[in-house]
Amino acid sequence: MLGVSGGIAAYKSAELVRQLCAAGAVVRVVMTRAATEFVGARTFQALSGEPVWCGWSDDRSGMDHIDLARWADRILVAPASADTLARLAQGRADDLLAAVCLATEAPLLLAPAMNQAMWRHPATQENVQRLAGRGVQLCGPDAGEQACGDVGPGRMREPEALVEALAESFASGLLAGVKLVITAGPTREAVDPVRFLGNRSSGKMGYAIAAAARAAGARVELVSGPVALEVPAGVACEQVESAQAMLDAVLARINDCDIFIATAAVADYRPAAPAQQKIKKQAEALSLQLEPTTDILATVAALAPRPLCIGFAAETEQLEQNARRKRMHKGADMIAANRVGDGQGFETDDNELLLVWEGGERLLPRTTKARLAVQLLEQVANLYARRLSSDNETSQPYAKHSA
Ligand code: CTP
């Protein structure tokens, strides 16, 4: 849940909501009356797709403040004005936002924003100390030029940094200290300078896994084909076009990688000799000679030492048999298989996955790609832990840590 209190920085909260939603969060906004003087509730409603509460009059059931307090996994108040900090420090419940903060058991994060003199005032500093002492996380403020013309501490932290702070607060630690390399999206294979062979991959699954892995404490490097998605906060990303460029980018960062997840829909073939100039229309039929690309997953799986390797399989039939065959064929540790065709798989927001590994399988029923990513990573973390413990038993270094 996002609380918005009164201050010019409230305009940045609209961008914050957009970025949180892009990262897969469901965001409900509670505004103080003063906040509505700066940004309209409809802005937040449109960006979040959720209802917005602006005060007690919006507590339709009389219990909305309790429901919101229970519903929220995290409450971030951004901007948190000097007055809001004071009221929260006192434990007041004199408006809906303060009441929700008082009633919740969810972790509370505050992004202060105010004039530098107000921030420096001993009263504000005492309030901040009091709140921090209760386990409230303070994010910022940053220092710099202020809307009032002053220079100093009091600027609200930028939305990217707040998304990152929230992601860190969710960090399960499941993959803490682990480095992941993830491929995502389609590749484009040049036919001539203006045309390419591509596919319908949206990259959504790979980006969702990158966001979830980051939230689980991993260091994440994404190698992405062309997609219309925002890179999740805290994730390093190299944009590539062709299968060869994707392979090169992966190999350049695979040395200290612990887990490799190949979600990209890599072209299996590329034009053997892309034309140097634009191919002109002609009366006769045109033939393109295609040559196979290198299989990135199989290449990484054949390295020694190598990371734990997870592949994806998009199948139209015999899901389990094909997934098992593909796992063996590519030397992957696990394959996540899904059915494609009939509107399933590509370009959708949800999916269903069958995970197969040596001696086991698990069906992840249809849900959003963001949730699937979390469930998939639980299984990946299991396999990774198992691999590490069998390495320790045999003293055979598997991953770079012990190599
Ligand atoms: N993959 C890869 N490099 C390639 C082709 C595929 O890394 N050149 C990876 C994909 O990212 C995915 C897995 O291999 O994780 C399976 O890809 P898929 O295209 O389904 O398998 P193919 O080997 O191409 O088999 P087919 O198209 O015949 O089903």
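Let me begin at the ligand, where a backbone N or O atom of threonine 294 lies 3.0 Å from a nitrogen atom of the ligand. I should say at once that what we are looking at is a predicted model, and I will keep that in mind as I go through it.

Staying with the ligand, a backbone N or O atom of alanine 262 lies 2.6 Å from one of the ligand's oxygen atoms, and an N or O atom in the side chain of lysine 330 is 2.7 Å from an oxygen atom of the ligand. Taken alone the ligand exposes 580 Å², and the protein buries 75% of that. In total 15 residues surround the ligand, and the closest are Ala262, Ala264, Asp268, Phe312 and Lys330.

Stepping back to the whole chain, we have 13 helices and 20 strands, and the C-alpha atoms fill a box of roughly 75 × 65 × 45 Å along the principal axes. Of the 403 residues, 49% are buried, while the chain exposes about 19200 Å², with carbon and sulfur atoms supplying 50% of that area. If we take the contacts with a separation of 6 or more, residues 24 or more positions apart account for 65% of them.

Now to the sheets. One open sheet is formed by 8 strands in the order E13-E12-E9-E14-E17-E18-E19-E20, with mixed pairing. Strand E13, residues 236-239, and strand E20, residues 360-368, each have a single partner strand, so one side of each is left without a neighbour in the sheet. From one strand to the next, the twist averages 15 degrees. Within this sheet, strand E12, residues 219-224, pairs with E13 in the parallel sense over 4 bridges, and glutamate 221 stands opposite alanine 236 in E13. Helix H9 packs on the sheet, touching several strands, among them E9, E12 and E13, and its direction makes about 165 degrees with that of E12. Helix H10, residues 243-252, lies across E9, E12, E13 and E14, running at about 160 degrees to E12.

Just before H9 there is a loop worth pausing on, for serine 201 lies between strand E11, residues 195-197, and helix H9, residues 204-215. Is serine 201 buried or exposed? Its relative accessibility is 12%, so serine 201 counts as buried, the cut-off for that being under 20%. A polar atom of the serine 201 side chain lies 3.4 Å from the backbone nitrogen of glycine 203.

There is also an open sheet of 6 strands, in the order E3-E2-E1-E4-E5-E6, and here the pairing is parallel. Strand E3, residues 52-53, and strand E6, residues 137-138, stand at the edges with a single partner strand each, so each has one side without a neighbour in the sheet. Strand E4, residues 75-80, runs parallel to strand E5, residues 108-112, and 4 bridges join them, with valine 77 opposite leucine 110 in E5. Helix H8, residues 159-170, lies across E4, E5 and E6 and runs at about 160 degrees to E5.

I will finish with helix H4, residues 82-90, which is mostly covered, in that 7 of its 9 residues are buried. Those buried residues, including Leu85, Arg87 and Leu88, pack against E4, helix H5, E5, helix H6 and helix H7. Just after H4, glycine 91 takes a positive phi of about 70 degrees.

Methods: Residues numbered from 1 in each chain as written. Predicted model: local features only at pLDDT ≥ 70, side-chain atom pairs only at ≥ 80, totals over all residues. Heavy atoms only, no water. Helix = DSSP H or I, 4+ residues; strand = E, 2+ residues; numbered from the N terminus. Buried < 20%, exposed > 50% of the residue type's maximum accessible area, 1.4 Å probe, protein only. Polar contact = N/O pair within 3.5 Å; in protein donor to acceptor, adjacent residues only side chain to side chain. Pairing = 2+ DSSP bridges. Contact = heavy atoms within 4.5 Å. Axes fitted to C-alpha atoms, helices over the stretch in contact; angles between N-to-C directions. Near = heavy atom within 4 Å. Areas by Shrake-Rupley, 256 points an atom, 1.4 Å probe, with all protein chains shown as cover.
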